[in-house]
Amino acid sequence: MSAATSLALAVVGCGEIARTVHLPVLRTLPGVRVTALADPDAARRSAAQALAPGARMFESAEALLGDADVDAVVVAAPTAAHADLAVSVLDRGKHLYLEKPIATTLADARRVLDAWRRARRVGMTGFNYRANPLLESARLHLRAGAIGRLVAFRTVFSTFAPDDRRPDAWRRMRASGGGALLDLASHHVDLVRWLSGEEIVRVSAHVRSHRAEDDTATLRLELAGGSTADVLVTLASAEDDRVEIYGDAGRLVVDRYRAHSVRPEPIRAGASPLARVLGLVSDARALPYALAKRRSVAHEPSFARALRRFVDAARDGRQTPPDLADGAASLAVILAAEVAARGCVSVDVASLSPIGSQPSDALS
């Protein structure tokens, strides 16, 4: 693909995630030109420009969208700005890759979905872990019945920032989009929906503050099919990202930091022929995955795979999951968890869902 026909892409928000993930990935994708960058901070713009030397620089998304010729936009700004930026991008007719969560309130999520419906453009949420090969393998095992009928999930997502490397200030306050629920739980809520193929219908939660506001939370999620998921998320402890899936015939464990394959663990010896074949396939993929992980940006292959899917979808003019409705579904669960934590009760997710009509697959 020539430069004249390649995808012109802009990045709004030049913070750490853009500089360590989005820009290093985008510069490696064939047929992609990063033509514009926007951030109100001059130092962040300068650091980002070193990763996209030919890009025009803007102090605001409004200036970029009003002047730059772009086909698609990656929004990686602080969470509290996501909804306004998403609406601006979509109303300008651009394809959108929006980092999670898509908004911080129910009203803002509705605005994003309404703009997406009007625009009829690709709207993808940055739930990149769906593109992690280990989690893809776990989903394949589940669909094949390798552990029988689903019984329960147990997950943990934990990270720790030493005092001399504290995250951006906005991550430390709920009002600006921080806290463990929005930052971490939004990912695992999406994974539970995606892996199970079921909606989460009811939530109870407990939220605590250790090193920053609302930096630790535990959730009990009830799925439509009757199974449950217990989720621990914290920004104040050791690095961990683990999903355990229990079925009535065995279990699956996905350890994103320590494992290189996913193999069903049957309750009884003598797994089904299909389960044995899938297990052998998983083992065979362990070395390639280990090499891919080592070579990947941030040692996480899903970042590049997710952005590549977005670029392909934008070129083809077709929606691709996880879309903005998936982002809204995850946010509804997070908002329900916040309500539940304040009142020490369980909350129906449907009462806080912003999802209404959605764009069709036939985009203009």
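Which residues touch the most other members of the largest nonpolar core? In this predicted model, they are Leu195, Leu219 and Leu221, and the core they belong to has 80 residues. If you want a starting point for exploring that core, look at helix α11, spanning residues 324–343, which gives the most to it, with 12 residues. Apart from this core lies another, of 28 residues, with Val11, Leu37, Ala72 and Ala314 among them.

Let's zoom in on Leu219. Leaving aside residues up to four places away in sequence, Leu219 touches Leu181, Ala185, Val203, Ser204, Ala205, Ala229, Asp230, Val231, Val233 and Ala337.

Now step back to the sheet. Strands of a sheet pair through backbone hydrogen bonds, in either a parallel or an antiparallel sense. Here eight strands make up an open sheet with mixed pairing, and you can trace them in the order β13-β12-β11-β7-β10-β9-β8-β14. At the edges sit β13 (265–266) and β14 (346–348), each of which pairs on one side only. Further in, β7 (residues 150–160) and β11 (residues 236–247) run antiparallel to each other, joined over nine bridges. To find your place in that pairing, follow Leu150 to its bridge partner in β11, Gly247.

Finally, add the helices that lie across these strands. Helix α6 (residues 133–143) lies across β11 and β12 (250–255), and runs at about 170 degrees to β12. Helix α11, already met as the element that gives the most to the largest core, lies across β8 (200–208), β9 (216–223) and the edge strand β14. Its direction makes an angle of about 55 degrees with β8.

Methods
Residues are numbered from 1 along each chain as its sequence is written. This is a predicted model: local features need pLDDT of at least 70, side-chain atom pairs count only at pLDDT 80 or more; totals for chains, interfaces and linings use all residues. Side-chain values use heavy atoms; hydrogens and water are left out. A nonpolar core is a set of buried Ala, Val, Leu, Ile, Met, Phe, Trp, Tyr and Cys residues joined through side-chain atoms within 4.5 Å. Buried means under 20% relative accessible area, exposed over 50%, partly exposed in between (1.4 Å probe, protein chains only). Helices (H or I, at least four residues) and strands (E, at least two) are DSSP runs, numbered from the N terminus. Contact means heavy atoms within 4.5 Å. Two strands pair if DSSP finds at least two bridges between them. Axes are lines fitted to C-alpha atoms, for helices over the stretch in contact, and angles run from 0 to 180 degrees between N-to-C directions.
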